[in-house]
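Work through the following exercises with the structure in view, and try each task before you read its solution.

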Amino acid sequence: MNAVIKIALVDDEVLFRKGIAFLLQREENIEILFEASNGEELVNKLHNNDVKPDIIIMDLKMPVLNGVEATKIIRKSFPDIKIIALTSYDTKSFIANMIQVGAVAYLIKNTTPKDLIRTINEVNRKGFFYNENVLKTIQDTIVSSKNSKGNLETSFLSPREIEILQLICQQKTTTEIAEHLFLSPRTVEGHRNNLLLKTESRNIAGLVVYAIQNEIAVLTL
């Protein structure tokens, strides 16, 4: 049996938030741990609750503390918690910004229940999940911008690390990478941790952005 995925819902629109909670509670492998109406309330609950969520589903536009600023705080204080942006904003700048501050998936509020549940399960399984729209934004916006990280020397990555990074960009799990390269999952995890350290990435989503910026991998749409 799959482990239960603990979720925190953060949105100031009560009716929408309750609707998402009702939808997700019908899934056997999903538990709504708590809800919050803004980023500050979310951060307080994370500090005060012994049990932490596995995934936070976060709106961007909220009073007191918005989703972007809350994501920055959570990435520093609770780096193991994964953040899915669920918002009405679908511009490339919002998507690129949220990915760069640490969101591991980005959905628009008119997404289907099926796609939301799929994204939650994929994030829980792989650590991140980008749909076709987000992949296109990464290629169009983040890659073309070529920020400072894009000019870094990449020769400090070993051929094996580059190979694993390319497979991560294909959204493969640790188990799938291990099977593909005839390695143990533990060895793959070791290489992945080295990649995070060497590239100064906060999470798998950051690794993907790094790989695209440095032309180590090409995303297939």
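**Exercise 1.** Find which residues of helix 3 meet which residues of helix 4, and work out how the two helices are oriented.

*Solution.* In helix 3, the residues G67, V68, T71, K72 and R75 make the contact, and their partners in helix 4 are N97, M98 and V101, where contact means heavy atoms within 4.5 Å. Sorted by class, the residues of this contact are three nonpolar, three polar and two charged. Next, take the axes: those of helix 3 (residues 67-77) and helix 4 (residues 92-101) come within 9 Å and cross at roughly 15 degrees. Helix 3 and helix 4 are therefore roughly parallel to each other, a term for angles under 35 degrees.

The model is predicted, with local features needing pLDDT of at least 70 and side-chain atom pairs counting only at pLDDT 80 or more, while totals for chains, interfaces and linings use all residues. Residues are numbered from 1 along each chain as its sequence is written, and side-chain values use heavy atoms, leaving out hydrogens and water.

**Exercise 2.** Decide whether D11 is buried or exposed, and find its surroundings.

*Solution.* Begin with the position of D11, which lies in the loop between strand 1 (5-10) and helix 1 (14-25). D11 has a relative accessible area of 4% and is therefore buried (buried means under 20%, exposed over 50%, partly exposed in between, with a 1.4 Å probe and protein chains only). Leaving aside residues up to four places away in sequence, D11 touches F16, R17, A36, S37, D59, M62 and K109.

Conventions. Axes fitted to C-alpha atoms, helices over the stretch in contact; angles between N-to-C directions. Helix = DSSP H or I, 4+ residues; strand = E, 2+ residues; numbered from the N terminus. Parallel < 35°, antiparallel > 145°, perpendicular 65-115°, else oblique. Nonpolar A, V, L, I, M, F, W, Y, C, P; charged D, E, K, R; others polar.
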